[in-house]
Amino acid sequence: MAQTEKKGGLLRKSSASKKPLKEKVVLMYDEIFTTEDPSKCNPRFWEELFLMKVNLEYLEGKLEALDGEELMKIKDNINCLFQHCIQALGEEHPIRVVNALQTLCALIRGVHQKNKSTSGFDIINMLVGFDKAELCMKNLMESLDSLLCAEGSESLKSLCLKLLLCLVTVTDNISQNTILEYVMINSIFEAILQILSSPLSRREHGYDAVVLLALLVNYRKYESVNPYIVKLSIVDDEATLNGMGLVIAQALSEYNRQYKDKEEEHQTGFFSALTNMVGSMFIADADEKISVQTNEAILLALYEAVHLNRNFITVLAQSHPEMGLMTTPTSPVPTTPVTPLGTTPPSSDVISSAELPLDADVQTSNLLITFLKYSSIVMQDTKDEHRLHSGKLCLIILTCIAEDQYANAFLHDDNMNFRVNLHRMPMRHRKKAADKNLPCRPLVCAVLDLMVEFIVTHMMKEFPMDLYVRCIQIVHKLLCYQKKCRVRLHYTWRELWSALINLLKFLMSNETVLLAKHNIFTLALMVVNLFNMFITYGDTFLPTPSSYDELYYEIIRMHQNFDNLYSMVLRLSTNAGQWKEPASKVTHALVNIRAIINHFNPKIESYAAVNHISQLSEDQVLEVVRSNYDTLTLKLQDGLDQYERYSEQHKEAAFFKELVRSISINVRKNLAFNTLSQELLLKEFSTIS
């Protein structure tokens, strides 16, 4: 305890022989930590306390130093302090309000730290007492709501949000935090919306408001009716939804900018000089060092908005004026790149110039583009747990988007063309794409590019099976929309086909290792059925007849991989092992691909023999294909254009519980009450009489 007093509660040493003097506020705290009522001898005790500068460190330390029994002895005084804090929130003097807010933060954190092992109800009893809990918490929530909605001080609003974030995140598992029952009953949802709809409030507090909302939505979401989920799902106010979109876009954009800066710094540094000398053999290892802390909290907010609110889908494609055509600001936008992302809100709504499209005279940007760029960075490296979680969440968000009819309409809209500069992993066998050569295309092309990029770059020992399954599902859902609406997308489908065939090749080459951990036949079946989609329905959505010919050319050219796959699944489906059933499904799915290979290969060989050609060119093979379609017989396969819709509760509950726990711990760790320095507050409220 002496240490805490040294750090937080002492003013100065007057001489070597005298004891150090204590601040008056520390002496008052000491009185609260006795069993006596501190106001018995001093009737003005509570009034005076809230005029004193709060010593957060000392108060929290004092609470943590007590054991459970000692804390119970002073329960009445703790209850009294908590109630007087709530009363002080209604005072006219802002300094009293600020001190009350900071004291509440220290109390909530201190008592929770002490009572980690006990139930939530004991926490409520310790802070407010069972008998007064309902009324006290109602008054607290009403005061916070009033402060957040008032025209007054921005510093006060900031501190209110910090207190609410403190309240929500004191337990790792927020669903075990029973104090939140009172936050459910006395909703602050409208106050959060008001912050997001006002440009000034949004700039100052939007980040904290969005993170707070994302956490509140996840309180006992599977066990009971959560009013924040219900309310978020029906918001239709354009200004509010756009405000939320802007906050999310700004945070993701800030991450993209930090990554780009690090990448440039990395490329111009010592390692770049070294790789120039010795070639590119270390390039993959070098790139792994480029790391910016991921931001799961803001990603969770985006997910909840996309998943729960159909009106938010329109925000994804909304071109924000702040993100669109603009001149480079004369003074730099203040940023704090040294701070880990996820701890502080970005400084303004204006997206930094680095995030602007390549040609600012031609196009604007939007939230979806920013999100796709963010995804292309975090999905590059899935070895780290946080990045794996982020990558998975990015794919879940894209799954929700790929299922939505309206989202598909703007993704495939030929009148909405963009250049989307995705980050591509450096690989020895391919050159880095020149940014200026990027074509202007519908946004769905960027989504498909992202999926192809993931497929090509993650064939490794620690195989991310779950992410691959989600990736293929997204492609399938987009194809189902194209088939249903007869959208002929001008896309380089050959890149996708090639990536899928290489994936099958990888699964076969690593059969033994992968089967020890995964049912690879689920993934193989999904890949084969994508080809079946193209074979069966390609004439309804492929851009030209020649694209359909190219599909057949690619299957014939890579026939050895399909032959090997058939041999493998046939071997396993005829054995009585655990893979018999899943392998036999792949066997049946390969029927049309094998029919194509067995039909055209003899024709191609015959053509080569007749014309005395040892190796046919692509055009010659295509000529054979076109002239022999008529005699090809294919089987009609059912259900190729059907899919199971995304369901969070049944499939993803465990993932989201773990993710929210991780976010809660991170938010609590980075919650800084000293962000509002007392000096600034005193200056702001210097008119107090």
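Let me start with disulfides: the count in this structure comes to 0. Please keep in mind that this is a predicted model. Take C160 as an example. Its closest cysteine sulfur belongs to C105, and the two sulfurs are 9.4 Å apart, which is too far for a bond. A disulfide would need them within 2.5 Å. As for surroundings, C160 is buried, at a relative accessible area of 0%. C149, another cysteine, is partly exposed, and its relative accessible area is 26%.

Now to helix packing. In general, a pair of packed helices is described by the angle between the axes and the distance between them. I will use that for two pairs, both involving α28, which covers residues 545-557.

The first partner is α25, residues 493-509. How do the axes of α25 and α28 cross? They come within 10 Å of each other, at roughly 20 degrees. An angle under 35 degrees counts as roughly parallel, and α25 and α28 are therefore roughly parallel to each other. The crossing of α25 past α28 is right-handed. On the α25 side, the contact is made by R494, W497, S498 and I501. On the α28 side, the residues are S547, E550, L551, Y553 and E554. Sorted by class, this contact has 4 nonpolar, 2 polar and 3 charged residues.

The second partner is α27, residues 520-541. The axes of α27 and α28 also come within 10 Å, but here they cross at roughly 150 degrees. The cut-off for roughly antiparallel is over 145 degrees, so α27 and α28 are roughly antiparallel to each other. In this pair, α27 passes α28 in a left-handed crossing. From α27, the contact takes in F531, F534, I535, G538 and D539. From α28, it takes in Y548, L551, Y552 and I555. The classes here are 7 nonpolar, 1 polar and 1 charged. Note L551 of α28: it appears in the contact with α25 and in the contact with α27.

Last, a word on the backbone. Most residues other than glycine have a negative phi. Which way does phi go at R486? It is positive, near 50 degrees, and R486 is not a glycine. R486 lies in the loop between α24, residues 465-485, and α25. It is exposed, with a relative accessible area of 57%.

H612 also has a positive phi, of about 50 degrees, and is likewise not a glycine. Its place is the loop between α31, residues 591-610, and α32, residues 618-626. H612 counts as exposed, at 75% relative accessibility.

Conventions. Residues numbered from 1 in each chain as written. Predicted model: local features only at pLDDT ≥ 70, side-chain atom pairs only at ≥ 80, totals over all residues. Heavy atoms only, no water. Axes fitted to C-alpha atoms, helices over the stretch in contact; angles between N-to-C directions. Helix = DSSP H or I, 4+ residues; strand = E, 2+ residues; numbered from the N terminus. Parallel < 35°, antiparallel > 145°, perpendicular 65-115°, else oblique. Left-handed = near helix turned anticlockwise from the far one by under 90°. Contact = heavy atoms within 4.5 Å. Nonpolar A, V, L, I, M, F, W, Y, C, P; charged D, E, K, R; others polar. Buried < 20%, exposed > 50% of the residue type's maximum accessible area, 1.4 Å probe, protein only.
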